[in-house]
Amino acid sequence: MLLISRGLGLLVDFTIQMGPWVGDMQAQWGDDYLEKVWEKFTTALVEGTVSTGGDNTGLYWLPRSVKSARDLLRAIEHYIDWLDEKGHASAWKSDFVFVNGPANAVSGFRMAYARKVIHDKSLLFHLKGKPTGRRSRAADRLRSLRREKGHLKRFPENYVVSMLFDGFALPNGEFDETAEIIAHILFLGGLRMSEPLHLWVQDVQFASGVPIIALHHPQESLVQGFDGVTRSRAETLKRFFHMESRNAVSGKYWSGWKGILGDLNDAIVHWLPIEGVEDHISSILRHYLLVTRPRIMALRHAAGLPDHPYLFVSTAIDGEEIGAPYTRSSFRAAWKRAVNRLKRKHRDDALKHRKDHGTTPHGARHFYGHYLSQSPIQRELIQQCMHHLDPFSQLVYTEPTPEEVDSVLKTGAPLKSKFDGSVFAALRNQQSRTHWEKRFR
């Protein structure tokens, strides 16, 4: 019922906004125009209506996964079938959908349903000039205080290098290599914490020494199986590994997936334009791919445990099964230990593992977006780098803090990141990544 309500609400939105275009389609295609309209509606559901040039439909729909769009379309079709069983299918086609454009659609059902949607469900809240909901009389008498959303906090820039090179050291002199590499990807590639956990081994390639990581939708994107047949990742996991996608399971191996730009093809990770970064990332990824992961997985195979394609795996020091897909809880624990280690090392009480301090894993993504905003890179390119579906999402990552605005007003100097990127050129060859070889020989 919820899917039907959502699907019909979206169809109402589409009908209202696309009225003039529908009239042209009816004149051009005659009785077949409904099929063309349905194709246009389907495309808008899957691909969204926002482009770099704006949105001439006024709908501002973001792309959906194929599964989500399919579920909505099936729900609408289910309702149409129900109407047909009740003998009302002709009313659906002649009155509810498009009769000389939405302005002349006078079906009692459509008017009643649209009114209910507008007032009770607020499904049309994003359309300019439409009511956004009905409040009770009691609520109308109450005054509300508007609470401004605070500025997003990013990881303290002057501690980023220390976090990457020192934060994941262990008491025995080794490094938590898996967590350290993921931290590098978050800081220098701008990913969300959950995204590296969906990477497969084959998603990492090297071209002229430059590491190329491609993000893919964990269920819908296509991949070639061992038998040479191309299937979705969900089908490949089920057929060859007897697993489900990590965004579709519950429990410790779950990892969420927020839609990203280009995830049905290749959403390439773009590294910060800092000297030494690509070489350093290449070095640590090569060691992990060629030395660390194979030795961990050899122990997994020796224990009679099944294989899987995920890039990052457990080392068992976190209490997880050896070689199992690396978990969110393991990374969160390693990250928290790293922040506390920096706090002790630098004797800075402000380094607390808190969201409002910017020291959680997502603070690394905020750092990435802010660093790009200090460069001459155009905002449209920042959207591509951060894989935002909405072109405006980057704004909250790149806006200056009140303190930075005050500093510019007082000094007249442009904003400049406190992050010293030149450190990478000096440190990239000093950090040995052979510590893990002792454990897995």
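## Strand pairing and the S1-S2 hairpin

Two strands are taken to pair if DSSP finds at least two bridges between them. In this predicted model, strand S1 (residues 204-207) and strand S2 (residues 210-215) meet that condition, pairing in the antiparallel sense over four bridges. S1 and S2 form a hairpin with two residues between them, and in the turn Ser208 has a positive phi of about 55°. Beside that turn, Ala207 has Val210 in S2 as its bridge partner.

## The three-stranded sheet

S2 also pairs with strand S5 (residues 267-268), again in the antiparallel sense, over two bridges. The bridge partners in S5 are Ile268 for Ala214 and Ala267 for Leu215.

Taken together, three strands form an open sheet in the order S1-S2-S5, with antiparallel pairing. S1 and S5 stand at the edges and each has a single partner strand, so one side of each is left without a neighbour in the sheet.

## The fold as a whole

The protein has 18 helices and five strands. Of its 441 residues, buried residues make up 45%. When contacts between residues at least 6 apart in sequence are considered, 65% of them join residues at least 24 apart.

## Packing around helix H9

Helix H9 (residues 177-189) packs with two other helices described here, H12 and H13. The axes of H9 and helix H12 (residues 328-346) come within 10 Å and cross at roughly 85°. Angles of 65 to 115 degrees count as roughly perpendicular, and H9 and H12 are therefore roughly perpendicular to each other. On the H9 side the contact is made by Ala179, Ile182, Ala183, Leu186 and Phe187, and on the H12 side by Phe331, Ala334 and Trp335. Sorted by class, this contact of H9 with H12 has eight nonpolar residues, no polar residues and no charged residues.

With H13, in turn, H9 packs at an angle of about 35°, the two axes lying 7 Å apart. Here Leu186, Phe187, Leu188 and Gly189 of H9 meet Ala364, Arg365, Phe367 and Tyr368 of H13. By class, the contact of H9 with H13 has six nonpolar residues, one polar residue and one charged residue. Leu186 and Phe187 of H9 thus appear both in the contact with H12 and in the contact with H13.

## Helices with a buried face

An α-helix has 3.6 residues a turn, so residues three or four places apart point the same way. In helix H10 (residues 233-241), the residues Arg233, Thr236, Leu237 and Phe241 are buried. Seen down the axis of H10, these buried residues fall within an arc of 100°, so they line one face of the helix. What covers the buried residues of H10 includes strand S3 (222-224) and strand S4 (230-232). The face of H10 that is turned away from the buried side carries the exposed residues Lys238 and Arg239.

In helix H14 (residues 379-386), the residues Ile382, Gln383, Cys385 and Met386 are buried. Viewed down the axis of H14, its buried residues fall within an arc of 165°, so they too line one face of their helix.

## Residues with positive phi

Most residues other than glycine have a negative phi. Against that background, several residues of the model deserve a closer look. Two of them come directly after the helices just described: His242, just after H10, takes a positive phi of about 55°, and His387, which follows H14, has a positive phi near 60°.

Two further cases lie in loops between helices. Tyr60 has a positive phi of about 55° although it is not a glycine, and Tyr60 lies in the loop between helix H3 (33-47) and helix H4 (66-85). Because its relative accessibility is 47%, Tyr60 counts as partly exposed, exposed residues being those over 50%. Arg347, also a residue other than glycine, has a positive phi near 55° and is placed in the loop between H12 and helix H13 (362-373). With a relative accessibility of 78%, Arg347 counts as exposed. The turn residue Ser208 of the S1-S2 hairpin, with its positive phi of about 55°, can be set beside these cases.

Notes
Residues are numbered from 1 along each chain as its sequence is written. This is a predicted model: local features need pLDDT of at least 70, side-chain atom pairs count only at pLDDT 80 or more; totals for chains, interfaces and linings use all residues. Side-chain values use heavy atoms; hydrogens and water are left out. Buried means under 20% relative accessible area, exposed over 50%, partly exposed in between (1.4 Å probe, protein chains only). The arc is that of the directions from the helix axis to the C-beta atoms. Axes are lines fitted to C-alpha atoms, for helices over the stretch in contact, and angles run from 0 to 180 degrees between N-to-C directions. Angles under 35 degrees count as roughly parallel, over 145 as roughly antiparallel, 65 to 115 as roughly perpendicular and the rest as oblique. Contact means heavy atoms within 4.5 Å. Ala, Val, Leu, Ile, Met, Phe, Trp, Tyr, Cys and Pro count as nonpolar, Asp, Glu, Lys and Arg as charged, and the others, Gly among them, as polar.
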